[in-house]
Amino acid sequence: MAIKSFNRTRSEVDTIVEQFLNDGMSTDIIPDSDNSRSIGSSSNRLSEIHSANLYGTAHYADIVFQEKKCDICGEKFESGDKVQLIVNKVVDEGSEDDGSYMVPVHVNCDGE
Ligand SMILES: [Zn+2]
């Protein structure tokens, strides 16, 4: 979608953009140069981002795993537990989802 006229009011442009976003995008969002644009800001953050894959570097973030229980002992994790990661799966290069997949387990967990 291209906005071809600059004779529109801000409200009209907002309506066009809102319709575009609500109807679903049929194109990629690509900035005009590498590492140059942001979505949101430190004072106006997005509440959630959902994606199949997320690439890049995470700053100022907690790491959240889907697993709520230790894969060795089966006990539910609690605040303050020390954990380590075990490799669950390795996907070789050449696949879109290549990399090492890991799950948390208690440090030195013996399964009892
Ligand atoms: Zn455990």
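Okay, so this protein has one helix and two strands, where helices (H or I, at least four residues) and strands (E, at least two) are DSSP runs, numbered from the N terminus. Going from the N terminus, the order is α-β-β.

Some housekeeping. What we have is a predicted model, where local features need pLDDT of at least 70, side-chain atom pairs count only at pLDDT 80 or more, and totals for chains, interfaces and linings use all residues. Residue numbers start from 1 along each chain as its sequence is written.

Now, the overall shape. The radius of gyration, taken over C-alpha atoms, is 22 Å, while a compact globule of 112 residues would come in near 13 Å. That globule rule is 2.2 Å times the number of residues to the power 0.38. Along the principal axes, the C-alpha trace spans about 70 × 35 × 25 Å.

How much of it is buried? Buried residues are 2% of the 112. By buried I mean 20 or more other C-beta atoms within 10 Å of the residue's own; exposed is 12 or fewer, partly exposed is in between, and the C-beta atoms are placed from the backbone.

Let's start with the helix, α1, at residues 10–22. Its 13 residues should span 18 Å at 1.5 Å a residue, and the end C-alpha atoms are 18 Å apart, so the two agree; the expected span is 1.5 Å times one less than the number of residues. α1 is hardly covered, with zero buried residues among its 13. Just after α1 comes Gly24, with a positive phi of about 95°.

Then there's the loop between α1 and β1, and Asn35 sits in it. Phi of Asn35 is near 55°, positive even though the residue isn't glycine. Most residues other than glycine have a negative phi. Asn35 counts as exposed because it has 6 other C-beta atoms within 10 Å. Ser36 is in that loop too, and it is exposed, with 7 other C-beta atoms within 10 Å.

On to the strands. β1, residues 83–91, is hardly covered: zero of its nine residues are buried. β1 runs antiparallel to β2, residues 99–106, and eight bridges join them; two strands pair if DSSP finds at least two bridges between them. Ile86 stands opposite Val103 in β2.

Last stop: Asn108, in the segment after β2. Here's another positive phi in a residue other than glycine, near 60°. Asn108 is exposed, with 7 other C-beta atoms within 10 Å. And how far is Asn108 from Ser36 in space? C-alpha to C-alpha, they are 44 Å apart, with their positions 72 residues apart in sequence.
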